[in-house]
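Please read this short briefing with the sequence and the structure side by side, and locate each named part in the model before moving on to the next point.

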Amino acid sequence: HAAAGSFQTAMQLLRQQVGAVNFEPLRELMLALYSGSRASFPLPSSLPASEAALQRNWRTAGPRGGLPSLCVTMPALVERLKQAYRATFEGRFVEALQSFQQLIHSCLMLVVENRTQEEEVHDLLRLCAEYASGLRIELARKDLQKEGGSPVRVNELAAYFTNAKLQPIHLMLALRAAMTTSYKCSNFESAAHFGRRLLDLNPKAEIAAQAAKVVKVSEHKGPDQNKMNFDARNPFVVCNQTHTPIYQGNALVRCPLCSATYQAAHKGLLCVICEVAEVG
């Protein structure tokens, strides 16, 4: 619909299917889809250029069955995903967050032809939302640390980042930060916990040596000295509005588009992960 220039019906469908309420983040993408489905041909100087619609099924379309060409494809999104991964690994978290959110938006414009492709899109959506959630937590931690905020809260945010479902190479970064932050906060039991998880991922020798040392020292120093709202033994998801844990068994609501989690009290708010759909 967007590629064909029918923006109103495109927005109505998104509102019905994924609870979309904010279309501003999709504006440029919809316009790009429309522009990418058309071609302009120059004519003699005395005549205006001729415009034609590009069809992705031009071989079989017939006079009335044409479907607009699409500039958003799964292979293109996979390449952009690799770039977002690279930005995450290199610590360019603001850029990485923007990339993952843009990928979520682009997923809305994909056309799938079978159930397998549909599952691939859903998997990409969930992955991007997981990274966006984790990166927002890490950026909040860094901002709080720069402002000289509560060391315990900084420690909590570092711990929550390790709960995100990340690729091992990125999870190692989160675990190393949580281990170091916990140790500096005198939360030795937590430092040992994150250190052991880090060692389980078989990091480089230098990092493994540091983690092993932290685990050994922390185990001798005893329990956490500064109580955090974090229980490594109790499964939880993070509320993306408050950056606090929602432990198993407690009520929660999700974004219908990206499945981001929230405490039940935040039903009806605009999702901060996709910035498109209404929570709940």
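In this predicted model, strand β3 (residues 236-239) runs antiparallel to strand β4 (residues 244-247), and the two strands pair over four bridges. Within this pairing, Cys239 has Thr244 of β4 standing opposite. The hairpin of β3 and β4 has four residues between its strands, and in this hairpin His243 takes a positive phi near 55°.

**The protein as a whole**

- The protein has nine helices in addition to six strands, and 40% of its 280 residues count as buried.
- If one takes the contacts between residues at least 6 apart in sequence, 54% of them join residues at least 24 apart.
- The protein exposes about 15400 Å², and 52% of this area is supplied by carbon and sulfur atoms.

**The largest nonpolar core**

- The largest nonpolar core has 74 residues, and those that touch the most other members are Leu14, Phe100, Leu257, Tyr262, Cys271, Ile273 and Cys274.
- The element that gives the most to this core is helix α5 (residues 115-146), which provides eleven residues.

**Leu257, a member of that core**

- Leu257 lies in the loop between β5 (252-254) and β6 (261-263).
- Is Leu257 buried or exposed? Leu257 counts as buried because its relative accessibility is 7%, and the cut-off for buried is under 20%.
- When its neighbours within four places in sequence are left aside, Leu257 is in contact with Val18, Ile104, Leu108, Leu125, Cys274, Val276 and Ala277.
- Although Leu257 and Ala129 are 128 residues apart in sequence, their C-alpha atoms are 9.6 Å apart in space.

**Cys274, another member of that core**

- Which residues is Cys274 in contact with, leaving aside its neighbours within four places in sequence? They are Ile104, His105, Cys255, Leu257 and Cys258.
- Ile104 therefore appears in the contacts of Leu257 as well as in those of Cys274, and Leu257 and Cys274 are also in contact with each other.

**A nonpolar patch on the surface**

- On the surface, Phe89, Ile169 and Leu173 form a nonpolar patch, and together these residues have about 260 Å² of accessible area.
- Leu173, which belongs to this patch, is found in helix α7 (residues 168-184).
- Leu173 is classed as partly exposed because its relative accessible area is 35%, a value that falls between the cut-offs of 20% for buried and 50% for exposed.

Notes
Residues are numbered from 1 along each chain as its sequence is written. This is a predicted model: local features need pLDDT of at least 70, side-chain atom pairs count only at pLDDT 80 or more; totals for chains, interfaces and linings use all residues. Side-chain values use heavy atoms; hydrogens and water are left out. A nonpolar core is a set of buried Ala, Val, Leu, Ile, Met, Phe, Trp, Tyr and Cys residues joined through side-chain atoms within 4.5 Å. Buried means under 20% relative accessible area, exposed over 50%, partly exposed in between (1.4 Å probe, protein chains only). Contact means heavy atoms within 4.5 Å. Patches are made of residues with over 30% relative accessible area and no salt bridge: like charges are joined within 9 Å, nonpolar side chains (Val, Leu, Ile, Met, Phe, Trp, Tyr) within 5 Å. Accessible areas come from the Shrake-Rupley method with a 1.4 Å probe; for residues, only the protein chains shown count as cover. A salt bridge is a side-chain nitrogen of Lys or Arg within 4 Å of a carboxyl oxygen of Asp or Glu. Two strands pair if DSSP finds at least two bridges between them.
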